[in-house]
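Here is a short set of exercises to work through with the coordinates open beside you. Try each task before you read its solution.

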Amino acid sequence: MNHNLIDLLVCPLCKGQLQHDKANQRLICRFDRLAFAVRDGVPIMLIDQAETIDLDELKKTSPANFDNVEASNSDQNQPLHE
Ligand SMILES: [Zn+2]
């Protein structure tokens, strides 16, 4: 199978690195919170077809080795003012 090909794909929207969620056969863009389905090994890289995923689901699917800009931002303490 062309696993390497999938690893090279980037998000069509932000051109960011995609996370390969092998368990659910999809590619996830954490930045846009979109999941692109992989059907028969072929990723469907269409924004129309992508699923929106919420933050909770994002956290569940994020492996420890997937770091990006968003992760480092969210690690910082948010100032508490309203
Ligand atoms: Zn993206």
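The exercises below go from the overall layout to single residues, and the model they use is a predicted one.

**Exercise 1. The layout of the chain**

Task: Work out how many helices and strands the chain has, and in what order the elements run.

Solution:
- Start with the count: there are three helices and five strands.
- Next, read from the N terminus on, and you get α-β-β-β-β-β-α-α.
- Then look at burial: of the 82 residues of the chain, 13% count as buried.
- Finally, take the contacts between residues at least 6 apart in sequence; 29% of these join residues at least 24 apart.

**Exercise 2. Pairing the strands**

Task: Find which strands pair with β3, and in which sense.

Solution:
- Begin with β2, which runs antiparallel to β3 and is joined to it by four bridges. Leu27 is partnered by Phe36 in this pairing, and Arg26 by Ala37.
- Move on to β4 (42-43). Two bridges pair this strand with β3 in the antiparallel sense, and Val38 has Pro43 as its bridge partner there.
- End with β5, residues 51-52, which also pairs antiparallel with β3 over two bridges. Here Leu34 is matched with Thr52.
- To complete the picture, add β1 (residues 19-21), which is antiparallel to β2 over three bridges. In that pairing, Gln19 and Ile28 are bridge partners.

**Exercise 3. The nonpolar core**

Task: List the residues of the largest nonpolar core and find which strands each supply at least two of them.

Solution:
- The core has nine residues: Cys11, Leu18, Leu27, Ile28, Cys29, Leu34, Ala35, Phe36 and Ala50.
- Both β2 (26-29) and β3 (34-39) supply at least two residues of this core.
- Now check the two faces of β2. Arg26 and Ile28 are buried on one side, and Leu27 and Cys29 are buried on the other, so that both faces are covered.
- Close with Leu18. Leaving out residues up to four places away in sequence, Leu18 touches Leu9, Val10, Cys11, Leu27, Ile28 and Cys29.

**Exercise 4. Positive phi in the turns**

Task: Find which residue in the turn of each hairpin has a positive phi.

Solution:
- As background, most residues other than glycine have a negative phi.
- In the hairpin of β1 and β2, four residues lie between the strands, and Gln25 in the turn has a positive phi of about 50 degrees.
- In the hairpin of β2 and β3, again with four residues between the strands, the residue to pick is Arg33, with a positive phi near 55 degrees.
- In the hairpin of β3 and β4, two residues separate the strands, and Asp40 in the turn has a positive phi of about 55 degrees.

**Exercise 5. Buried or exposed?**

Task: Decide whether Arg33, Asp40 and Arg39 are buried, partly exposed or exposed.

Solution:
- Arg33 sits in the loop between β2 and β3. Arg33 counts as partly exposed because it has 16 C-beta neighbours inside 10 Å, and a residue needs 20 or more to be buried.
- Asp40 belongs to the loop between β3 and β4. With 6 other C-beta atoms within 10 Å, Asp40 is exposed, since the limit for that class is 12 or fewer.
- Arg39 is part of strand β3. Its 10 other C-beta atoms within 10 Å make Arg39 exposed.
- As a last check, go from Arg39 to Arg26, 13 residues apart along the chain: their C-alpha atoms are separated by 8.4 Å.

Terms used
Residues are numbered from 1 along each chain as its sequence is written. This is a predicted model: local features need pLDDT of at least 70, side-chain atom pairs count only at pLDDT 80 or more; totals for chains, interfaces and linings use all residues. A nonpolar core is a set of buried Ala, Val, Leu, Ile, Met, Phe, Trp, Tyr and Cys residues joined through C-beta atoms within 7 Å. Two residues are in contact if their C-beta atoms, placed from the backbone, lie within 7 Å. Two strands pair if DSSP finds at least two bridges between them.
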